[in-house]
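Biologist: I'm new to this structure and would love a close look at one part of it. Could you walk me through the salt bridges, and then show me what lies around them?

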Amino acid sequence: MNHKGRPETRSVPGYDPRLGSPWWKHARSRFSVVGFALSVMLVIWIALAIAVSFGVDAALPAFGIDAKKVPIWVNLLASNGPLYVIAMPAAVLMLRAVPKLPTRRFPLGGSRFFALLIMCVPIMYAGSIIGIVLSSLLSGGTAVSGIGELASSLDPLMAFVFMVLVAPVFEEWIFRKQIIDRLRRYGEKTAIVVSALAFGLFHQNLFQFFYAFGIGLVFAYVYMRTSRLRYSIAMHMIINCNGGVVAPWVARQIDPKALESLQSAGTQMQGQSDSLKLLRSIDQGSLAGLAWVMLYGSAMLALIVAGIVLLIVWRKRFEFYITPEELLRGTRFRTAAVNPGMIVYGVLCVAMAAWNLFFHG
């Protein structure tokens with residue numbers, strides 16, 4: 001393949017992308033292997049997380065430790081440790097049945113990196129709104145975002161370690177490198193969508209699915225064009241830092257009681273003198289907290305607008321190349337998604353999302 005992944009030739013032995021051909025059946029089976037590998041990863045993770053959780057709960061009384069006093073990070077390590085140490089490596093072992101397509105690596109300039117990163121902001125917020133609205137409608141308003149509660153309950157250091165340093169590295173490794181390297185031969189757009197969809201489903205809840213799928217498309221595109229995982233990992237870390245560390249910190253800067261007093265008193269103000277009295281009644285800490293909230297909100301609003309503008313301007317600048325074994329238009333969905341492995345993975349993720357929405361919220 002030459003610059004930016006463009007194939008030198010389409011002369012692949014046996015290449016016949018028509019539905020039902022031996023080549024097509026073989027390609028479809030490779031997508032199925034990917035789906036089964038992700039399914040095994042999910043099952044191993046959930047099973048081990050449950051087993052470790054029960055084991056820890058059973059062992060604590062023997063050491064005279066109250067389970068309610070165990071730090072949240074311990075539970076987080078017990079639940080996610082099996083994913084990173086056992087489940088993901090097991091999935092990669094299965095994925096070896098699908099060969100990688102060797103590609104050259106290319107740099108991503110700073111301006112392109114930050115432009116693509118800013119594009120993630122409106123995608124992220126739009127996806128979050130869709131997820132929140134659908135979760136509320138389907139659950140009758142009872143659903144609660146688990147990741148939101150986790151981010152607000154973790155101290156900043158632990159949130160930084162788990163959500164910023166650890167999760168992006170492992171998730172990009174499996175959902176970008178391992179999947180795209182093996183599926184890109186069948187079409188760049190197909191590999192990007194499969195990577196993003198698998199990533200979105202992996203979160204197993206509606207709150208995160210839409211924004212994870214959206215930013216997953218950007219991460220996958222970045223990896224497709226560069227073949228370097230460092231860029232998508234960096235983007236993932238920055239976004240997780242905003243949602244898991246910065247936003248919760250800003251929210252903690254304002255006193256809810258002061259905000260409630262400000263809102264109720266604001267409706268009763270008659271003029272400038274009342275405004276001055278209201279400001280004097282609020283302590284300096286609360287005013288500083290309000291200032292941080294306003295500054296953060298303004299910055300996010302500016303990034304959303306900038307991201308929308310960039311998405312419009314860049315809509316014709318996204319580059320995609322024909323690959324050696326490109327799937328025909330009209331056969332891609334049936335090949336990539338309608339196969340046993342991907343169906344099993346989708347069913348497992350949807351079932352877990354339903355459980356989290358209706359029974360575990």
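Modeller: Let's start with Arg185 and Glu325, which form a salt bridge whose closest N and O atoms are 3.0 Å apart. Arg185 sits in the loop between α5 and α6, while Glu325 sits in the loop between α11 (284-314) and α12 (332-336), so this pair ties together parts that are 140 residues apart in sequence. Keep in mind as we go that this is a predicted model. Arg185 counts as buried, because its relative accessibility is 11%, and a cut-off of under 20% is what buried means here. Glu325 is buried too, with a relative accessible area of 9%.

A second pair is Glu188 with Arg225, where the closest N and O atoms of the salt bridge are 2.9 Å apart. Glu188 belongs to helix α6 and Arg225 to helix α7, so here the bridge ties together parts that are 37 residues apart in sequence. Both of these residues, Glu188 and Arg225, are buried.

Salt bridges with shared partners also link Lys177, Asp181 and Arg184 into one network. Within it, Lys177 pairs with Asp181, and their closest N and O atoms are 3.2 Å apart. These two residues are four apart in helix α5, so about one helical turn separates them. Their surroundings are worth a look as well: Lys177 is partly exposed, with a relative accessible area of 22%, whereas Asp181 is buried at 6%. Altogether, the count of salt bridges comes to seven. As a general point, side chains of opposite charge can pair when their charged atoms come close.

Now for the nonpolar side of the picture. The largest nonpolar core has 62 residues, and Met41, Leu116, Phe175 and Tyr345 are the ones that touch the most other members. Elements giving two or more residues to this core include α1 (22-59), α2 (72-95), α3, α5 (156-183) and α13. Helices α6 (188-202), α7 (206-226) and α8 (229-252) are also on that list. If you zoom in on Leu116 and leave aside neighbours within four places in sequence, you will find Leu116 in contact with Leu108, Val218, Tyr221, Val222, Met235, Trp314 and Phe318. Apart from the largest core lies another one, of nine residues, among them Ala151, Met163, Val164 and Val245. In soluble globular proteins, nonpolar side chains tend to be buried together.

Some nonpolar residues are found at the surface instead. Ile129, Ile130, Val133, Leu134, Leu137, Leu138, Trp355, Phe358 and Phe359 make a nonpolar surface patch of about 930 Å². Helices α3 (110-139) and α13 (340-358) each supply at least two of its residues, and α3 gives the largest share, with six. Trp355 is the patch member to pick out in helix α13; it counts as partly exposed because its relative accessibility is 44%.

One last stop is the cysteines. Searching the whole structure turns up zero disulfides. Cys120 is buried, with a relative accessible area of 0%, while Cys241 is partly exposed, with a value of 21%.

To retrace the tour from where it began, look again at Arg185 and Glu325, joined by a salt bridge, and then at Glu188 and Arg225, both of them buried.

How values were computed: Residues are numbered from 1 along each chain as its sequence is written. This is a predicted model: local features need pLDDT of at least 70, side-chain atom pairs count only at pLDDT 80 or more; totals for chains, interfaces and linings use all residues. Side-chain values use heavy atoms; hydrogens and water are left out. Patches are made of residues with over 30% relative accessible area and no salt bridge: like charges are joined within 9 Å, nonpolar side chains (Val, Leu, Ile, Met, Phe, Trp, Tyr) within 5 Å. Accessible areas come from the Shrake-Rupley method with a 1.4 Å probe; for residues, only the protein chains shown count as cover. A salt bridge is a side-chain nitrogen of Lys or Arg within 4 Å of a carboxyl oxygen of Asp or Glu. Buried means under 20% relative accessible area, exposed over 50%, partly exposed in between (1.4 Å probe, protein chains only). A disulfide is a pair of cysteine sulfur atoms within 2.5 Å. A nonpolar core is a set of buried Ala, Val, Leu, Ile, Met, Phe, Trp, Tyr and Cys residues joined through side-chain atoms within 4.5 Å. Contact means heavy atoms within 4.5 Å.
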